Amino acid sequence: MARQTKLERWIDRQLRRNQSPRQAAVVIAVVTTSITLIAGLLMTVIDHHNFPSLGSGLWWAVQTVTTVGYGDHVPATVGGQLLAALVMLLGIGFITVITAAITSSFISRSRLEQPLTTDGMSVAEHLNRIDQQLERIEAALGKLQAP
């Protein structure tokens, strides 16, 4: 089994605590909101000339995290551009990875919790058996119809 990264371990810990999709959505919302607030505040501090108010920094951060990017506020300093690059990577990559990991976890969990049929097989196994039976029936019918 491959070793997990720190991010994967953190996600696993969060998912153990948050058992429902609603709770997972709260985790995603908290992470996204935190990134946005911190980035908006930092941009106001780092590039104060182009982002003179907290409102302008937050507006830029929302545009950047959501990948809308109107371009009405852009960082001009190297520090601001580095922060922008980091926020873009976090907005596009990190949040997407968290969302995908949570979705994958819920899908895996639902597969493990699939109900069993009366003979003890999972629904997927039961459908596979039916499919094999249909293939045998079709093959037998094909032999009967052959001239």
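Which backbone oxygen lies 2.9 Å from a polar atom of the side chain of Thr44? I looked that up before anything else, and I found the backbone oxygen of Gly40. A note to self: this is a predicted model.

**Entry: the overall build**

I went through the helices and strands next. The protein has five helices and zero strands, so its pattern along the sequence reads α-α-α-α-α by the DSSP runs. I also looked up burial, and buried residues come to 24% of the 147 residues. For the surface I noted about 10,300 Å² exposed, with carbon and sulfur atoms supplying 65% of that. Then I checked contacts between residues at least 6 apart in sequence: 49% of these join residues at least 24 apart.

**Entry: back to Thr44**

I wanted to know where Thr44 sits. Thr44 is in helix α2, which covers residues 21–46. Is Thr44 buried or exposed? I get 11% relative accessibility, and the cut-off for buried is under 20%, so Thr44 counts as buried. Leaving out residues up to four places away in sequence, I listed what Thr44 touches: Phe51, Pro52, Ser53, Leu54 and Gly57.

**Entry: Thr36, also in α2**

I moved to Thr36, another residue found in helix α2. Thr36 has a relative accessible area of 10%, so I put it down as buried. Which residues does Thr36 touch, not counting those up to four places away in sequence? I wrote down Leu58, Ala61, Val62 and Val65. I followed up on Leu58: Thr36 and Leu58 are 22 residues apart in sequence, yet 6.9 Å apart in space, C-alpha to C-alpha.

**Entry: helix α3**

I tried a length check on helix α3, residues 54–65. Its twelve residues should span 16 Å at 1.5 Å a residue, and I find the end C-alpha atoms 16 Å apart, which agrees. Which residues of α3 are buried? My list has Ser56, Gly57, Trp60, Ala61, Gln63, Thr64 and Val65. I kept a general point beside that list: an α-helix has 3.6 residues a turn, so residues three or four places apart point the same way. Going back over my contact lists, I see that Gly57 is touched by Thr44, while Ala61 and Val65 are touched by Thr36.

After α3 comes Thr67, and I noted its positive phi, near 65°.

**Entry: Gln63**

I picked Gln63 out of helix α3 for a closer look. Its relative accessibility is 4%, which is why I count Gln63 as buried. Setting aside residues up to four places away in sequence, Gln63 touches Val68, Gly69, Tyr70, Gly71 and Asp72.

**Entry: a patch on the surface**

Last, I looked for nonpolar side chains on the outside. I found a nonpolar surface patch formed by Val123, Leu127, Ile130, Leu134, Ile137, Leu141 and Leu144. How much accessible area do they have together? I have about 650 Å² written down. I checked Val123 on its own too: Val123 lies in helix α5, residues 123–145. With a relative accessible area of 34%, Val123 goes into my notes as partly exposed.

Note on methods:
Residues numbered from 1 in each chain as written. Predicted model: local features only at pLDDT ≥ 70, side-chain atom pairs only at ≥ 80, totals over all residues. Heavy atoms only, no water. Helix = DSSP H or I, 4+ residues; strand = E, 2+ residues; numbered from the N terminus. Buried < 20%, exposed > 50% of the residue type's maximum accessible area, 1.4 Å probe, protein only. Polar contact = N/O pair within 3.5 Å; in protein donor to acceptor, adjacent residues only side chain to side chain. Contact = heavy atoms within 4.5 Å. Areas by Shrake-Rupley, 256 points an atom, 1.4 Å probe, with all protein chains shown as cover. Patch = residues over 30% accessible without salt bridge, like charges linked within 9 Å, V, L, I, M, F, W, Y side chains within 5 Å. Salt bridge = Lys/Arg side-chain N within 4 Å of Asp/Glu carboxyl O. Expected span 1.5 Å × (residues − 1).
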